[in-house]
Amino acid sequence: MTIRMHKKIKITVLRTEYYQELAEQYAIPNLGKCSFHQKGQVLYSDGINPPDGMCGVAWRVIAPMARQLSLGELVQPTGTWLKDDRVGVFACPDGIRPVIFLLEAE
C-alpha cells in the first residue's frame, strides 16, 4: 500500500471583483465586494480541509483542485492552460462579486 503525502497548498487572492451593473439589477442594496477575501490575502490548506477564514462557497469550488495539487497531480493537461503545472487560477462562483484565487503546491 502506497501512502501519498499531501503538499501544503498556498491560496493567494489575486483579485476581488464587483460588477455594479449586475448588483443593481440582481443584488440586495449595498452588497459591495466579497466580505471574506481581500486582494493579497494568503491562506494555507493541507489540500483536504479549508483554511481558516475561507469562504465556504469558494472552497467547495476550488477544493477538488487543491486536493489534486496537494497530491502532486495536475489540474490541466501540461501546456494547455497555464505555464506552470504546479499552480491553478480559479474563481469563486459569485457572478456579482467573484474572487480570483491562485493555488500553489509547496
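**Figure 1. A close look at N30, a loop residue with an uncommon backbone angle.** N30 lies in the loop between α1 and β2, the latter spanning residues 42-45. As in every view here, the coordinates come from a predicted model. Most residues other than glycine have a negative phi. N30 is not a glycine, yet has a positive phi of about 60°. With a relative accessible area of 78%, above the 50% cut-off, N30 counts as exposed.

**Figure 2. The protein chain as a whole, to help you find your way around the close-ups.** Two helices and four strands make up the secondary structure of the protein chain. Followed along the sequence, they come in the pattern β-α-β-α-β-β. The C-alpha atoms fill a box of roughly 55 × 30 × 20 Å, taken along the principal axes. Of the 106 residues in the protein chain, 37% are buried. The accessible surface comes to about 6,700 Å², and carbon and sulfur atoms account for 55% of that area. As for contacts between residues at least 6 apart in sequence, 59% join residues at least 24 apart.

**Figure 3. M54 and its neighbours.** M54 is found in the loop between β2 and α2. Is this loop residue buried or exposed? M54 is buried, because its relative accessible area of 9% falls under the 20% cut-off. Leaving aside residues up to four places away in sequence, M54 touches H37, L43, W59, I62 and F101. For a sense of scale, try looking from M54 to V75: they are 21 residues apart in sequence, and their C-alpha atoms are 21 Å apart in space.

**Figure 4. T12 in the first element of the chain pattern.** T12 is found in strand β1. This residue is buried, with a relative accessible area of 13%. Which residues does T12 touch, not counting those up to four places away in sequence? The contacts of T12 are Q41, V42, I100, F101, L102 and E104. F101 is worth picking out in this view, as T12 touches F101 and M54 from the previous figure touches F101 too.

**Figure 5. A63, a buried residue of a helix.** A63 lies in helix α2, which covers residues 56-70. At a relative accessible area of 18%, A63 counts as buried, because the cut-off is 20%. S45 is 18 residues away from A63 along the chain, and the C-alpha atoms of the two are separated by 9.5 Å.

**Figure 6. The salt bridges, taken one by one.** Side chains of opposite charge can pair when their charged atoms come close. How many salt bridges does a search of the whole structure find? The search finds three.

- E17 and R15 meet through their side chains in a salt bridge, at 2.8 Å from N to O. E17 counts as buried at 17% relative accessibility, while R15 is partly exposed at 48%.
- D84 and R86 form a salt bridge with an N to O distance of 2.9 Å. Here D84 is partly exposed, with a relative accessible area of 26%, and R86 is exposed, with 54%.
- R97 and D94 are joined by a salt bridge in which N and O are 2.9 Å apart. D94 is partly exposed, with a relative accessible area of 26%.

**Figure 7. K8 over the ring of Y44.** This view turns to a charge and an aromatic ring. The charged end of K8 sits over the ring of Y44, at 5.0 Å from the ring centre. How many aromatic pairs does the structure hold? The count is zero, so please do not look for a ring-to-ring partner for Y44 in this panel.

**Figure 8. A nonpolar patch on the surface.** Y19, L22 and Y26 make a nonpolar surface patch of about 310 Å². Where in the chain does Y19 sit? Y19 belongs to the loop between β1 (9-16) and α1 (20-26). Y19 counts as partly exposed, because its relative accessibility of 37% lies between the 20% and 50% cut-offs.

Note on methods:
Residues numbered from 1 in each chain as written. Predicted model: local features only at pLDDT ≥ 70, side-chain atom pairs only at ≥ 80, totals over all residues. Heavy atoms only, no water. Patch = residues over 30% accessible without salt bridge, like charges linked within 9 Å, V, L, I, M, F, W, Y side chains within 5 Å. Areas by Shrake-Rupley, 256 points an atom, 1.4 Å probe, with all protein chains shown as cover. Salt bridge = Lys/Arg side-chain N within 4 Å of Asp/Glu carboxyl O. Buried < 20%, exposed > 50% of the residue type's maximum accessible area, 1.4 Å probe, protein only. Phe/Tyr/Trp six-rings, centres within 6.5 Å; stacked < 30°, edge-to-face > 60°. Lys NZ or Arg CZ within 6 Å of the ring centre and 35° of its normal. Contact = heavy atoms within 4.5 Å.
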